[in-house]
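Visitor: Please take me slowly through the charged side chains of this model, and then stay with one place where a charged side chain sits among packed helices. I would like to follow each step of the reasoning.

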Amino acid sequence: MSIIETNKLNLWYGTFQALIDVNLAVAQNKITALIGPSGCGKSTLLRVFNRMNDLIEGVRLAGSVKVRGAEILGDGTDLIALRKKVGMVFQRPNPFPLSIYENVVYALRIHGIRDKQKLDAAAEKALSSVLLWDELKDNLGANALTLSLEQQQRLCIARLLAVTPEVVLMDEPCSTLDPLATMRIEELMIELKKRYSIVIVTHNMQQAARISDDCGYMLLGELVELGETKRIFTAPRDQRTEDYITGRFG
């Protein structure tokens, strides 16, 4: 079952076309990886799923993007509700200069939740989900910026999970982390897919091979090929995919 579907999706930055007729289906409770050379449209496509590209001047879209069967590109789309349902984790951890606790409950406060018991329960649940609760429960008042990079990235994921999204978008979430921290975040993603659908952009093909269930190869704004990760890496159907995976291109 698909949780996100695009049909003939096109996107322009001014006169430059960044996405060309992208047809994509993101499966529920799986990790879908988007790979391809720099500038091929991976991050642009990811940002379409929660309309983050709307923040960029001169962006124009055509085609269809549906989340759980509902079109999200129309003018009537509730962007706050969409971004609650489809959350995003960025390349570099971006905790707020607030306490660990206030980082986790920040979005809940914005959504009008004031009850301390509810906020406390949500904070514990979210931090437990990213395996930070036992580590930080006695230090929730500490400034989030004092955490290690890996802890900050986990905290940013917890902040997202606190509002109970259905889809988690991850744009190069391990690019600033060392190999050990990367491994821990990858293990976390595999655990999280039991409850969430995850789409990850990565330049690391080994990472895509290790953690994703499905994989899409993008080139010059086109989604060249999408399929089960094992097949994409062992028996790609498009020569351009094979050239990239074998290192002959990109």
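Guide: D134 is exposed, with a relative accessible area of 64%, and in this predicted model its side chain meets that of K137 in a salt bridge, at 4.0 Å from N to O. K137, for its part, is partly exposed, with a relative accessible area of 37%. Side chains of opposite charge can pair when their charged atoms come close. By the rule used here, the count comes to 14 salt bridges, and a few others make useful comparisons.

E242 forms a salt bridge with R248, their closest N and O atoms being 3.8 Å apart. Of these two residues, E242 is partly exposed at 30% relative accessibility, while R248 is exposed, with a relative accessible area of 54%. The side chains of E186 and R210 also meet in a salt bridge, here at 2.7 Å from N to O. This pair links distant parts of the chain, as E186 belongs to helix α7 (residues 179–192) and R210 to helix α8 (residues 205–211), 24 residues apart. E186 counts as buried because its relative accessibility is 6%, which is under the 20% limit, whereas R210 is partly exposed at 48%. Salt bridges can also join into a network, as they do for E150, R154 and R184.

Now to the charged side chain that deserves the close look, R159, which lies in helix α6 (residues 149–161). R159 is buried yet has no salt bridge. The nearest side chain of opposite charge, E102, is 11 Å away, and a salt bridge needs a nitrogen within 4 Å of a carboxyl oxygen, so E102 does not serve as a partner. Leaving aside residues up to four places away in sequence, R159 touches N94, P95, F96, N103 and V104.

N103 and V104 bring us to helix α3, where both are among the buried residues, together with I100, Y101, V105 and L108. An α-helix has 3.6 residues a turn, so residues three or four places apart point the same way. The buried residues of α3 pack against α4, α5 (133–136) and α6.

Take α6 first, the helix that carries R159. The axes of α3 and α6 come within 7 Å and cross at roughly 35°, and this crossing is right-handed. I100, N103 and V104 of α3 make the contact with L155, A158 and R159 of α6. By class, the residues of this contact divide into four nonpolar, one polar and one charged.

The packing of α3 (residues 100–110) on α4 (residues 116–129) has an angle of about 115°, with the axes 9 Å apart, and this crossing, too, is right-handed. On the α3 side, I100, Y101, V104, V105, L108 and R109 take part, and they meet K116, L119, D120, A122, A123, A126 and L127 in α4. This contact has ten nonpolar, no polar and three charged residues. After α3 comes G112, whose phi is positive, near 95°.

Put together, R159 is a buried charged residue without a salt bridge, and its place is in the contact of α6 with α3.

Terms used
Residues numbered from 1 in each chain as written. Predicted model: local features only at pLDDT ≥ 70, side-chain atom pairs only at ≥ 80, totals over all residues. Heavy atoms only, no water. Helix = DSSP H or I, 4+ residues; strand = E, 2+ residues; numbered from the N terminus. Buried < 20%, exposed > 50% of the residue type's maximum accessible area, 1.4 Å probe, protein only. Lys, Arg positive; Asp, Glu negative; His and termini not counted. Contact = heavy atoms within 4.5 Å. Axes fitted to C-alpha atoms, helices over the stretch in contact; angles between N-to-C directions. Left-handed = near helix turned anticlockwise from the far one by under 90°. Nonpolar A, V, L, I, M, F, W, Y, C, P; charged D, E, K, R; others polar.
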